[in-house]
Amino acid sequence: MEPKEERVIREDERPKMLIVDDNKQNIEMLMELFHGEYRIAAARNATRALKVAFSDAPPDIILADIIMPGMDGYEFCAQIKEDLRTKNIPVIFVTAVSEVMDQNRGFALGAVDYITKPFHPPVVKARVKLHLNLKRKQDLLEKYAFIDALTEIPNRRRFDEVMLKEWNRACRSTYPLSLILIDIDHFKNYNDTYGHGQGDDCLRRVAVAMSRSLRRAGDFVARYGGEEFAVVLPDTPAPQALEAAKNILSAVDELNIAHKSSSVALHVTISLGIATITPDDSKSALELKDLIEAADKKLYEAKSLGRHTIACYSWLHMT
Ligand SMILES: [Mg+2]
């Protein structure tokens, strides 16, 4: 029984290949060539292939014919490259030597390679594998470029990106947007008392607790700096942002990480500053940096109030 189950798992890990070609024989030939190594989906026209590409299970690599009735391979490739969900999927054009083709046009549209018929199977296989490996590395690079290595939550770079996106969205819509800036209280003392190894461990545990305390799918937490964190709450008015902040504060309290050199409590605590922008005429002159500065000011206020507390205001009350 067991070896069989193992085999099933391995099969599921095979890369997904999408083949689009109006010619049935061409599809069969490619399927035979890649059979076993890939999970293959095939489409006889570009419109159907786009549906597969934009589905919940997008392919890892696409082999596309160029000349097809309806939408041709170039237009298909352009649509794949335009969409954020699919733009990183390598598209390889498969063409007959006899076909009149414009390779520059394909490359300009974002195709990564051309394979011409008749095939030399080992070469075709090697090239497909090469592009697949490149894509995997690219995906990994993109992933790690936005992850904080210590806490494994999104980093400052990712925060900047998400914040800008949500700011622009809030400006276009009628939704409020809240930002919480968070600081671990007396973290320098913690490091001095327990050492940096334990300090790192504390940061990790606080980051996990914060992530877990967020309730909604769009809520986002990042490591903002040393012992500072930032939480972005889209579509969230000030009262709900305060609720979220209370949850975060309790989540860190509940970790109950001993902190004997804190003047605030016997355990590790945090201070939080909240700012909310509410759709209103007065916001037109405001910029993203104003929201961040407002949250930062409130964080400072929370600290001067004795730490282990939350300070907030709604944008409308700002003077
Ligand atoms: Mg064709």
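The following paragraphs lead through selected features of this predicted model, from a helix with a buried face to some unusual backbone positions.

The first stop is helix H3, which spans residues 46-53. Four of its residues, Ala-46, Ala-49, Leu-50 and Ala-53, are buried. When H3 is seen down its axis, these buried residues fall within an arc of 105°, so they line one face of the helix. Strand E1 (16-20), strand E2 (39-43) and helix H4 (73-82) are among the elements that cover them. On the face turned away from the buried side, H3 carries the exposed residues Arg-48 and Lys-51. The start of H3 also shows a polar detail: a side-chain oxygen of Asn-45 comes to within 3.2 Å of the backbone nitrogen of Thr-47.

A second topic is the packing of two helices against each other. Helix H9 (residues 196-213) and helix H10 (residues 238-255) pack at an angle of about 140°, and their axes are 9 Å apart. An angle over 145 degrees would count as roughly antiparallel; H9 and H10 are therefore oblique to each other. The crossing of H9 past H10 is right-handed. On the side of H9, the contact is made by Arg-205, Val-206, Ala-209, Met-210 and Ser-213. H10 contributes Asn-247, Ile-248, Ala-251, Val-252 and Leu-255.

Attention now turns to a single residue, Lys-135, which lies in helix H6 (residues 121-145). Its relative accessible area is 13%. Because the limit for a buried residue is under 20%, Lys-135 counts as buried. Leaving aside residues up to four places away in sequence, Lys-135 touches Asp-60, Asn-88, Ile-89 and Pro-90. Asp-60 illustrates how the fold joins separate parts of the sequence: Lys-135 and Asp-60 are 75 residues apart in sequence, yet their C-alpha atoms are 8.0 Å apart in space.

The last topic is backbone geometry. Most residues other than glycine have a negative phi, and most peptide bonds are trans. The peptide bond from Lys-117 to Pro-118, however, is cis, with omega near 0°. Pro-118 belongs to the loop between strand E5 (113-117) and H6. Another loop, between helix H11 (288-304) and strand E10 (310-314), holds Arg-307. Arg-307 is not a glycine, but has a positive phi of about 65°. His-308, found in the loop between H11 and E10, likewise has a positive phi, of about 55°, without being a glycine. Arg-307 counts as partly exposed at 30% relative accessibility, and His-308 counts as partly exposed at 25%.

How values were computed
Residues are numbered from 1 along each chain as its sequence is written. This is a predicted model: local features need pLDDT of at least 70, side-chain atom pairs count only at pLDDT 80 or more; totals for chains, interfaces and linings use all residues. Side-chain values use heavy atoms; hydrogens and water are left out. Buried means under 20% relative accessible area, exposed over 50%, partly exposed in between (1.4 Å probe, protein chains only). The arc is that of the directions from the helix axis to the C-beta atoms. Contact means heavy atoms within 4.5 Å. A polar contact is a pair of N or O atoms within 3.5 Å; within protein, one must be able to donate a hydrogen and the other to accept it, and residues adjacent in sequence count only if both atoms are side-chain atoms. Axes are lines fitted to C-alpha atoms, for helices over the stretch in contact, and angles run from 0 to 180 degrees between N-to-C directions. Angles under 35 degrees count as roughly parallel, over 145 as roughly antiparallel, 65 to 115 as roughly perpendicular and the rest as oblique. A crossing is left-handed if the near helix is turned anticlockwise from the far one by less than a right angle, and right-handed if clockwise.
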